[in-house]
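Please look over the sequence and the model shown below before reading on. The paragraphs that follow lead from one pair of strands outward to the chain as a whole, and then to some single residues.

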Amino acid sequence: LSWRRSRSDAEGHAAVEDVAGAEDGGDLLPKSKRPEKKRDSSSDGILKPVKLSRLELYKPPTNEELNQLKETENLFHSSLLRLQIEELLKEVTLKEKKKQRIDSFLHEINALLSMIPQTPETDVTDQSWLPKDVKVPFLQVPFGVKGRFRFLPPAAVKVVGSYLLGTCIKPEINVDVVLTMPREIFQDKDHLNQRYHRKRALYLAHIAHHLAKEKLFGSVRFTYMNGNHLKPILLLQPHGKDEKLVTVRLYACPAPGVFKPSRLYPSKNNVRTAWFLGEGTAEPPTPHYNNSILCDMVMESSLLFLSGAARDFPGLRDGVALLKVWLRQRELDKGLGCFNGFLVSMLAGYLLAKHKISKMMSGYQVLRNILQFLAATDLSVAGISLSKDTDGALPTLGDFHQAFDVVFVDPSGLVNLCADITASKYKQVQFEAKHSMEVLDDKTVDGFQLLLMTPKPLVRTFDHVFHLKHLSKLQGACKKMELLNEMMDQGGNYVAAALPFLTSLLQHGLAERVLLLTHSLPQTPQWAISMEPPKHKDAPGGLSFGLLLSPDFATSVLEKGPEADKPEAAEFRQFWGQCSELRRFQDGAICEAVLWDADTVSKKRLIPEQIVRHLLQLHADIPEASICYTGALLESLIKTGREPAGTGEEAMLRIVRSYDDLSRKLWNLEGLPLTVTAVQGTHPALRYTDVTPLPPWLLIRVRCSPHSPCRFNSPAVVCHVEGSGQWPQDKEAVQRVKAAFQLRLAELLSGQHRLLCRPGPAHTDVYKDGYVFRVQVAYHREPQILKEVVTQEGMLKYQDTEESLQLELETLHLTYLTSSLHGLQQQHPAFSGTCRLAKRWIRAQLLSDSLSEECVDLLAASLFLHPAPFTPPSSPQVGFVRFLHRLAAFDWKNSPLVINLNGDLKGESANYTAIRNDFVAARSSLPIMFLATPRDRQSSVWTKEKPSAQILQRLLLLARESLRALEEQLADPLGSQDMKMVFRPPLDFYDVLIHLNPKQIPRHLEAVDRPATSFSRGMLQSDAAVKTFVFPVVGYDPVQCYLRELREAFGDLALFFYDLHGGQVIGVVWKPSSFEAQPFKASNMRGRMMSALSHEPVAVPNVEAILEDFEILGEGLVKSVEARTEKWTI
């Protein structure tokens, strides 16, 4: 077996799937190989500061340590980054023991290959000599072709690719072996009409037939080289326990000198039109076909080039391995037109040849330099070449650009290494590289974790994704778009032929609406040697497209074209078809224009869908039924009202406008004893995060209804008044002055603005524009007064009390949060929908009271303020998917989540470092979920009380499973597309279920699965005659009242869970500690009974009586109580 340094994997390698598990907070090293921890780590896995003795602390560094520090300073971003990269490379690099087993397997393959018998010469079309249980791995269309074939053993067997270069990575180890087909097999003109490719396929089929008989192999299968249907390869896997150790890929290539390179230049035709189409005289160039033959011919020069580049350059091997991980996490390394490891290795060789990198560089520096080059160089506009040809006989870069979208020419000057990569796919690589450089340069984030450990599947990365369900429709698209020559060049692969033109068409139509348009890579199928090769339409995973929307232009309803009398107008009309029409604009111009139908924000978000469907139908004959557009499948969960209206943005905008008007009225009130200094809203609707904002209602008439009335919540408004020496210093007196102020406020609002008001001691309810605002007067020194405590010695001291903390929360923290998130919504319109979907999901899991509303708001805000490695979401659906990922993947035990509201942390790494250091120092006393903001860096006020550790653990489990299920559905166009599945809670977790009467649930219509019919809630139609006005019932919800009573009565025995958006069931979980037998006490007998379990009288829970009490407490509301487990057995 001839071992030669050669081509780095000419195919995509799988990346670090086992490493990606670290996103769930796991360690990078497997447990068996994990070194001893130097940190004092507590049993629950929480990191603690390292404790060193004085001697250790001031011990001078050794020479080796000094060298490492200097090297780290020069070559790496930080010491931590160096350690992370070293551990990752250890994890993904092949171990020496496995190499020995692979070498042994390769030697056995070599011995078997030399023993395969010859066959007599026959016509290429006479394949009767092949056994019936072996099919030729080639789509032979048209079947008739000239030439003769016989099998001769390989002239040479060479191991090539990343295995020898040392750049192959786990978990999938692929070893490439090239079999040189003897020149006696070939005749003149074998480069024409797929003759070479068919002989190559027959050669591999004969080898497959003989190797399949051997017990050495557990699997013998075919696949395509990088998804190219002209280039089948043979896959061999060992038998038994080593089956997953390695996959050996057998390539067949011609002997040197069989074909003249000049006949295979990009401008030459080698597939005759009359042979392929049965008609036609023109002979267009076939650059992709020619390139596929040249790839096999010039392998030698590429291998020698890479061998020279990798010699004495360990940094290149490490850098290429890191780049493969980077590509794998972005799904760029597999399939037709992939940006694979071989391409990355050649690019590293190019940069070395151009002195852009040096052999002194580390793997991290090689990674940075290649990413920087990709970010700054557009190979679709200005290609690059490794060729040193000076005589001008070879094709020029201009020749390659005429034939291919992306150009990178190999050392021979003949092969375009990027021949199959579309312009849009390269733009994605460029975009990702540029974004990755920004992340690496940002010292406030962990660039290693974000770039190399975080997967970026299509449905999580792009705002809108759509799938072509029936790839066979692209055959008709090729005819419609006149792409038969391109189809002939691709060997009949209409998917590969149509793809560049479809992306170009959509890019033209979407224009500035999208920052990036890309497509998935048609994946490479594998099939048994006894099966027919899969057809072009059978590509696994189908074909998907991703749109990264521009928040500024994506929702524009108008597509303005040229003026009617200009020649470009005809082109505009042809492109848009019947949608285009003449319109007069305010400046007097008469132009061609397209106006899209969208009257709500949710419909405007889907204008790209209208454009995609229209253009594909008009120009490619792809019917709407073949397009599965998954841009807004989840938005039905936050739609308001029975009709398919908007998703609530308009309703909240009405509330905000009404609040703004009320705010102005409060500012301008005449006759108040003190001036109003500030008016601030605190209700979720005023920061656009109310899940189901209320529509405005007319005042209701007194009307008897047997059902619970409609929900009528009141947006809270804090009205700050100026300080004065007249304010009392006693907290009771302050409350009385505020109550008097509330009365005066109601009187003035009624008198000056004709508003219906209902004053109270703590607040004033104001009815305005169909909403009830709850105005609360605030005095800035009141929290300070509430902190006053008199000691036993009569001394006055200040300390936080429950009252003062609660007041600060309501009047300071909540108002700051509301104004900050209101501003965030103006910058990122998708924030509202993202946050509301997140809240809806949490509440649908019956965890309404287990996580504060403000906590979820901050989690959603972090996706927009700190989106890396993604861009800020521009659609609620992708925002929700990333919310689940952030929740499930973040290391809550050992890291604070920093949310830089309003940019007040100024992006300085020192601020972030101080927050993290304070967090680690005080971890044991801090909440399990820690959220830090510029004004709350040390206490995490929104998560102090909840969630508990157990609830958070439950939430993370639900998020992980929901994310997996949701992404599977979004990526599967032929699936059920039932997105509500992840919003239906699993009920097997609960010990008791309390079923409620839907007629008494005010929010009945907000349920995940909305009822077909509802009930009268005592409301009148908007046009009904109203005679008697009364103030609406505010905040009345019988289910919440019932839950409060349950928790007061049985909170020591059980936990209660409910979905406040129309849930019809309350889940009950018994507390294990409450079922321990307790000594008898007369004061401790609520819900308990006497038991003779021991000599002493003890009290145990009386479960049967408790279940009966559940029904009695909820009489009229509770339909039934279902006991699901027997956990209460003592």
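A good place to enter this predicted model is the pairing of β20 with strand β23, residues 771-779, which runs in the parallel sense over 6 bridges. Within this pairing, V721 stands opposite Y779 in β23. Strand β20 also pairs with strand β19, residues 676-681, but here the sense is antiparallel and the pairing extends over 5 bridges. One of the residue pairs that can be picked out is A678, whose bridge partner in β20 is H720. Both senses belong to the general picture, in which the strands of a sheet pair through backbone hydrogen bonds, either parallel or antiparallel. As for its surroundings, strand β20 covers residues 716-721, and because 5 of these 6 residues are buried, the strand is largely enclosed by the rest of the structure.

From these strands we can step back to the whole chain, which has 34 helices and 34 strands. Its radius of gyration is 35 Å, close to the 32 Å that the globule rule gives for 1130 residues, and the chain is therefore as compact as a globular protein of that length. Taken along the principal axes, the C-alpha atoms fill a box of roughly 105 × 85 × 60 Å. Of the 1130 residues, 55% count as buried, while the accessible surface comes to about 50000 Å², with 52% of it belonging to carbon and sulfur atoms. Among the contacts with a separation of 6 or more, 73% are between residues 24 or more positions apart. The chain carries 132 positive and 130 negative charges, and the mean positions of these two sets are 2 Å apart.

Another sheet can be followed further along the sequence, where 3 strands form an open sheet in the order β31-β33-β32, with antiparallel pairing. The edge strands, each of which pairs on one side only, are β31 (1078-1079) and β32 (1088-1091). Between β32 and strand β33, residues 1098-1101, the antiparallel pairing runs over 4 bridges, and R1088 stands opposite P1101 in β33.

Among the helices, α11 spans residues 314-329 and contains A321. With a relative accessibility of 6%, which is under the 20% cut-off, A321 counts as buried. Leaving aside residues up to four places away in sequence, A321 touches L89 and I169. The C-alpha atoms of A321 and L89 are separated by 7.6 Å, although the two residues lie 232 residues apart along the chain.

Some details of the backbone remain, and they are best read against the general rule that most residues other than glycine have a negative phi, and most peptide bonds are trans. In the loop between α11 and α12 (341-353) lies E331, which has a positive phi of about 55° although it is not a glycine. S940, in the loop between β27 (931-932) and α32 (949-971), likewise has a positive phi, near 55°. In accessibility, E331 counts as partly exposed at 41%, whereas S940 is buried, with a relative accessible area of 1%.

Two peptide bonds also deserve a look. A cis peptide bond with omega of about -5° joins V141 and P142, and P142 lies in the loop between β2 (122-123) and β3 (148-149). The bond from A868 to P869 is cis as well, with omega near 10°, and P869 is placed in the loop between α29 (853-865) and α30 (876-889).

Methods. Residues are numbered from 1 along each chain as its sequence is written. This is a predicted model: local features need pLDDT of at least 70, side-chain atom pairs count only at pLDDT 80 or more; totals for chains, interfaces and linings use all residues. Side-chain values use heavy atoms; hydrogens and water are left out. Helices (H or I, at least four residues) and strands (E, at least two) are DSSP runs, numbered from the N terminus. The radius of gyration is taken over C-alpha atoms; the globule rule is 2.2 Å times the number of residues to the power 0.38. Buried means under 20% relative accessible area, exposed over 50%, partly exposed in between (1.4 Å probe, protein chains only). Contact means heavy atoms within 4.5 Å. Accessible areas come from the Shrake-Rupley method with a 1.4 Å probe; for residues, only the protein chains shown count as cover. Lys and Arg count as positive and Asp and Glu as negative; His and the chain ends are not counted. The place of a charge is taken as NZ of Lys, CZ of Arg, CG of Asp or CD of Glu. Two strands pair if DSSP finds at least two bridges between them.
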